[in-house]
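Please look over the model below before reading on. The notes that follow are numbered and can be checked one by one.

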Amino acid sequence: MIARLNSPDYDRWAAQIHRTGGCRQPIHLRGKVDHYDRDTGQLLYRYTTRTEPDGVLRLPCKTRRASRCPACAETYRADTYHLIRAGLTGGKGVPETVTTHPTLFVTLTAPSFGAVHARREQGGKVLPCHARRDAETCPHGRIMSCTTKHSPDDPRLGEPLCPHCYDYTGSVLFNALSPLLWKRFADSLRRHLAKLGGLVLKDLRHHLTVSFAKVAEYQRRGIVHFHAVIRLDGPTASPPAWATADTLTDAVRHAAQVVSALVPAVDDQPARLFKWGTQLDIRPITLAGDLTDQAVAGYIAKYATKAAECVGTLDRRINPLDNLDAYNLRDHPRRLITECLRLGAMEDLADLRLTQWAHMLGFRGHFSTRSRHYGPTLGDLRAAREQHARDDEITTGRLPLFDEDTVLVISEWAYAGKGYSLGDQIIAAAITGSRVPDMAGDAR
Ligand SMILES: [Zn+2]
Ligand SMILES: [Zn+2]
Ligand SMILES: [Zn+2]
């Protein structure tokens, strides 16, 4: 800290840190950018990191994971919000007429793999968790009842009433198969819409485009479920008259019920057929109704920055040789991870890559995805922001203004590390007003 504060280029270092927007683990790059005159080959301008503090340029890590870098995750969240919102209300290249297209907010859940502790509320009143009058006693001697009115931060929430009865195999296999189940759902939805419109599937795209924006959310019990915005568009503008919100609701309900994914019998376990849970929530999104575009965009963006760590698992890959005792996990996430490692070692299940994704409790899909037609992409937003920053550098005289047609720009970049020294970390937190991470926790 003392060396950094006393160094002659401290101000320039601090300016770099400012520009990373409080990133907790900036990427260090070494390199140069040369501007040549296309006709004469003359070097017009060179930017090199050699004159930067420590000879590197520090750039934000751009992670979406709030547990890794709160500042960059916040940028990602805000971007996701605007992308989802643009697909609902127009803007950023999406025509405003989308507001009139049938659009639903759909939640697809996982089935039950055993009774878990839950916080139940009704009319603002907290109800007992799992009250059963003639509660059964399970083969392990536990009474299958819980009359606790759990508080929202009760660590038992999402944990099974009896861990020995709980179907850990089913839970992690469902997570592993959920991307396939989603794909089958989307395919079935298109097929059923074609049928309702009296079309064959291959002709559907000439009449109707089905656009999705979806996000995976971990429930407390450690299983993913999906929230999706599903919108119908026509080939150019509005969808055909038969493609109403009711038609779409009908098709969603049908697709959610019929699709399944099979895990063949392996070793000691029988074949299993996985389907979506019976709790299917379908709600129309309207500009002024119960469920507004703002609410939906905010909801999806919030979950886009989370992963499995919110169920108490680890934020990084697990090596099968790791001693799980060292991580201080609660029993439930630990059993889920152990089950991933057990099944991951079976050759017949190798395709599910459960060992590599044990820290995600088996889920290896993307957290936040949008179909091609939904709206602008994250890349579009980032490019616009970079262009804005570049224009700013030019107008303030920090970058020369060259005519792009006559100048050849050649860049050379190399990765030179990431993150901060302990001393730099504390100064950076003070400069950007961000929180110094918990050292003990991060070192783990
Ligand atoms: Zn960052
Ligand atoms: Zn309970
Ligand atoms: Zn039991």
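**Notes on the model**

1. Lys32 is partly exposed, at 24% relative accessible area. Here buried means under 20% relative accessible area, exposed means over 50%, and partly exposed is in between, with a 1.4 Å probe and protein chains only. Lys32 sits in strand S1. Its C-alpha atom is 5.8 Å from that of Ser411, although the two residues are 379 apart along the chain. Beyond its neighbours within four places in sequence, Lys32 contacts Arg46, Tyr47, Thr48, Ile410, Ser411 and Glu412. Contact means heavy atoms within 4.5 Å.

2. Provenance and conventions. This is a predicted model, in which local features need pLDDT of at least 70 and side-chain atom pairs count only at pLDDT 80 or more, while totals for chains, interfaces and linings use all residues. Residues are numbered from 1 along each chain as its sequence is written, chains are lettered from A and ligands numbered from 1 in the order in which they are written, and side-chain values use heavy atoms, with hydrogens and water left out.

3. Overall frame. The protein has 11 helices and 13 strands. Both are DSSP runs numbered from the N terminus: helices are H or I with at least four residues, strands are E with at least two. Along the principal axes, the C-alpha atoms fill a box of roughly 85 × 60 × 50 Å. Of the 444 residues, 45% count as buried. Among contacts between residues at least 6 apart in sequence, 70% join residues at least 24 apart.

4. Surface and charge. About 23300 Å² is exposed, and carbon and sulfur atoms supply 51% of it. Areas come from the Shrake-Rupley method with a 1.4 Å probe; for residues, only the protein chains shown count as cover. There are 59 positive and 49 negative side chains, and the centres of the two sets lie 4 Å apart. Lys and Arg count as positive, Asp and Glu as negative; His and the chain ends are not counted. Each charge is placed at NZ of Lys, CZ of Arg, CG of Asp or CD of Glu.

5. Zinc ion (ligand 1). Which residues supply its protein donors? They are Cys23, Cys61, Cys69 and Cys72, each through SG, at 2.2 to 2.3 Å. Donors are N, O and S atoms within 2.8 Å of the metal (3.2 Å for Na, K and Ca); water is not among the atoms, so sites may look incomplete. The sequence spacing is C-x37-C-x7-C-x2-C. Cys23, in the loop between helix H2 (10-19) and strand S1 (27-37), and Cys72, in helix H3 (residues 70-89), link distant parts of the chain, 49 residues apart. Both Cys23 and Cys72 are buried. The four donor atoms subtend angles of 104 to 115°, so the arrangement is tetrahedral. Four donors earn that label if all angles lie between 85 and 135 degrees. The ideal angle for four tetrahedral donors is 109.5 degrees.

6. Zinc ion (ligand 2). His117 (ND1), Cys129 (SG), Cys146 (SG) and His150 (NE2) are the protein donors, at 2.0 to 2.4 Å. Their spacing reads H-x11-C-x16-C-x3-H. Angles of 103 to 114° make this site tetrahedral. Cys146 is buried at 7% relative accessibility. His150 is buried too, at 1%.

7. Zinc ion (ligand 3). The protein donors are Cys138 (SG), His140 (ND1), Cys162 (SG) and Cys165 (SG), lying 2.0 to 2.3 Å away. The pattern is C-x1-H-x21-C-x2-C. His140 and Cys165 are 25 residues apart, both in the loop between strand S6 (125-127) and helix H4 (168-196). The donor angles run from 105 to 115°, which makes the arrangement tetrahedral. Are these two residues buried or exposed? His140 is partly exposed at 39%, and Cys165 is partly exposed at 37%.

8. Backbone points to check. Most residues other than glycine have a negative phi. Lys62 has a positive phi of about 60°. Lys62 lies in the loop between strand S3 (57-59) and H3, and is partly exposed at 42% relative accessibility. Asn328 also has a positive phi, near 60°. Asn328 is in the loop between helix H7 (293-304) and helix H8 (331-344). Asn328 is exposed, with a relative accessible area of 70%.

Technical notes: Four donors count as tetrahedral if all angles lie between 85 and 135 degrees; four count as square planar and six as octahedral if opposite donors are over 155 degrees apart and all others between 65 and 115; anything else is irregular.
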